[in-house]
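I opened the model today to go through its backbone oddities, its strand pairing and its internal space. My entries follow in the order I looked things up.

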Amino acid sequence: MKQIVSLLFAMTIFLSACASPAESTSAPVGQDNATSTSQPAEVLPTENIAIATFTPEPTTTPTPVPPAPHWYWTVDDSDTAKVIAVTQFGERRELGALEQSDDLHTYAISLDHERALLFLDTDNSLRIYLLTPNGMQKIALPSDPFYFNTEAWQPSRAVIATHGDNVLFSYVNEGGSNLMPDRGPILLLDLTTLTAKLIDELVSRDANSNNRNWFRASPDGRYLRYMNGDQKKMEIRELDMVTGEARTLFTTTGSSYYIRTSPQGDLWYLPADHKIVDLNGNQTDFTDESQAVRPLKDGNVAVYPQECMDTCEIKVIAPFGNATVLTYTFPWVIEFASIYNKLDQVLPDQSLLVAGRPSAFLSKSPAAVADYPNLLGEDSPLFRLTPDGRARLVGIYTGNVSDDGRYMLLRSADQSSFFIYDVIADRPLFDIPIDTTLEDYLVTTRFFDTGILVNLSPSVPGEKGVYRYFYHTYVYETSTSIAWEDVNAEIGACSDLLNAGTLVCWFYQTDPTSINYDLIRFDPVTGTKVTLLEDVWWIDFTP
């Protein structure tokens with residue numbers, strides 16, 4: 001059962017992000033539900049050896065602001081199956097009750113530190129509840145019961161966006177193919193009126209929960225742009241997350257696989273119409289079918305060859321502006337316009353990050369392979385290009401990138417380590433050495449508002465099904481990096497990284513037959529574990 005839950009977690013939370021302000025490492029007075037497995041260190045007074053020779057001016061000592069509570073959501077394993085909220089300090093509240101049959105059909109996604117959505121899909125019928133510390137409230141869906149194919153659609157449940165008290169929810173009910181991506185409806189949930197309305201029914205999206213490449217938000221998050229329809233009629237749509245009104249921006253034909261847009265959805269390339277268009281009504285023809293077009297941030301467009309051997313020219317133009325054309329040299333092979341799918345901006349120093357397709361998947365090996373003898377055939381090399389024609393290999397792209405594109409997990413070109421790369425500062429934040437006696441490293445990364453959590457899970461050669469689990473955290477506020485090994489393979493997943501460097505994680509129970517978990521606040525420096533809840537369902541799969 002634990003393997004099933006772990007697999008579900010891996011499917012549903014491939015890169016995501018959760019917000020996490022500072023926290024306290026001890027429970028406040030009056031909140032004694034949490035239990036600690038270690039004793040706090042003794043604090044000794046310090047002696048003031050400075051002798052004042054004057055009367056100091058009176059000063060006001062600022063009152064420390066206590067950290068805000070973060071609420072986590074679960075269900076206890078009792079006959080009544082109570083829905084429970086708990087904070088990092090151990091404050092616990094019971095919100096309602098479920099049926100035991102809801103096990104394996106219960107799924108929660110946190111919206112922020114005080115709200116979550118609870119999804120139940122028993123008997124092919126979907127129910128959604130708003131969870132807050134004050135209780136659980138059912139949201140009225142467009143019909144009751146609301147049909148939901150549990151077996152086929154469950155892995156695709158996703159919260160696409162949250163803006164104030166409005167939440168956009170989606171799932172897949174039409175599987176994808178090599179011609180079209182997965183598609184499904186989007187519903188806008190109003191958390192004030194506790195109602196939901198259907199917005200569109202054939203929206204292109206990812207099969208699971210990683211949909212940032214399909215939905216593009218305006219800088220303030222109010223407007224969401226996406227594609228709805230089929231190859232005969234594909235609409236570029238915009239949803240106002242405040243009013244709930246949607247409108248059609250453009251209509252075209254063809255597969256949404258080949259329609260390109262900027263990170264904010266304000267610039268589009270419509271290949272069937274051979275046009276580049278923006279939201280202000282500007283449009284220009286682009287008819288050179290030998291070139292690929294990729295809209296970027298700030299009104300720019302990258303243009304590069306569909307097919308190119310070794311020295312490939314990439315130009316950045318501003319189709320509706322007066323910016324100077326920038327030209328870059330990409331020292332790799334491009335086939336079928338296949339380059340780094342996060343190519344989305346010209347960096348502040350005018351650099352451009354571009355990753356090449358692994359050489360093992362190219363019909364011709366790039367000449368640059370000879371310059372990097374440690375590159376493996378399955379490696380995707382990430383280059384930093386500059387307009388003066390230079391190209392520097394930064395590392396090997398792994399697909400782990402923060403939502404804002406600033407941080408990414410790379411592997412070093414000499415295969416000696418992984419490292420977090422700060423794209424803007426052009427420097428590594430911290431290195432993670434690779435133990436060459438282990439193999440088949442499975443890497444997952446979570447980017448929180450407070451920092452970064454990396455998990456490396458390599459296998460032990462010659463021992464089937466035996467793995468080791470290494471963790472690394474980086475806290476932005478203190479620039480602190482912490483590394484440790486989960487020697488006993490206790491951690492199922494971590495839901496939060498707090499400013500003090502402690503984590504809130506779901507731990508496997510010591511009983512190997514148990515299918516439940518303990519929610520624990522864990523300090524990786526001291527090894528201290530503060531149990532927040534015991535023997536509960538793990539339902540929070542926030543990406």
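**Notebook: loops, strands, cavity**

I began with Pro-145, which I found in the loop between strand 8 (135-139) and strand 9 (146-147). I noted at once that the model is predicted. I then checked the peptide bond before this proline. Asp-144 and Pro-145 are joined by a cis peptide bond, with omega at about 5 degrees.

**Positive phi outside glycine**

I looked next for residues other than glycine with a positive phi. Asp-310 came up, with phi near 75 degrees. I placed Asp-310 in the loop between strand 23 (301-305) and strand 24 (311-317). Is Asp-310 buried or exposed? Its relative accessibility is 17%, so Asp-310 counts as buried; the cut-off for buried is under 20%.

Gln-350 was another entry. It is not a glycine, yet its phi is positive, about 70 degrees. Gln-350 sits in the loop between strand 25 (326-331) and strand 26. I read a relative accessible area of 39% for Gln-350, which means that it is partly exposed.

**A hairpin**

I turned to strand 10 (residues 158-163) and strand 11 (residues 166-170). They pair in the antiparallel sense, over 5 bridges. For the register, I noted Ala-158 opposite Ser-170 in strand 11. How many residues lie between strand 10 and strand 11 in the hairpin? I found 2. Gly-164, in the turn, has a positive phi of about 65 degrees.

**The open sheet**

I followed the strands that come later in the chain. An open sheet is formed by 6 strands, in the order 26-27-28-29-30-31, with antiparallel pairing. Its edges are strand 26 (352-355) and strand 31 (427-433), each of which pairs on one side only. From one strand to the next, I noted an average twist of 40 degrees.

I then looked at one edge. Strand 26 pairs with strand 27 (residues 381-385) in the antiparallel sense over 4 bridges. Ala-355 stands opposite Leu-382 in strand 27.

**Internal space**

My last search was for cavities. Over the whole structure, I found 1 cavity of 30 Å³ or more. The largest cavity has a volume of about 90 Å³. Which residues line the largest cavity? I listed Tyr-340, Lys-342, Leu-343, Asp-344, Gln-345, Leu-347, Leu-353, Gly-405, Met-408 and Val-423. I sorted this lining into 6 nonpolar, 2 polar and 2 charged residues.

Definitions and conventions: Residues are numbered from 1 along each chain as its sequence is written. This is a predicted model: local features need pLDDT of at least 70, side-chain atom pairs count only at pLDDT 80 or more; totals for chains, interfaces and linings use all residues. Side-chain values use heavy atoms; hydrogens and water are left out. Two strands pair if DSSP finds at least two bridges between them. Axes are lines fitted to C-alpha atoms, for helices over the stretch in contact, and angles run from 0 to 180 degrees between N-to-C directions. On a 1 Å grid over the protein atoms alone, a cavity is a set of points where a 1.4 Å probe fits but cannot get out, and a pocket is an open set with protein on both sides within 12 Å along at least five of seven lines; lining residues have an atom within 4 Å of a point. Grid points are joined across faces, edges and corners, and a volume is the space filled by probe spheres set on the points. Ala, Val, Leu, Ile, Met, Phe, Trp, Tyr, Cys and Pro count as nonpolar, Asp, Glu, Lys and Arg as charged, and the others, Gly among them, as polar. Buried means under 20% relative accessible area, exposed over 50%, partly exposed in between (1.4 Å probe, protein chains only).
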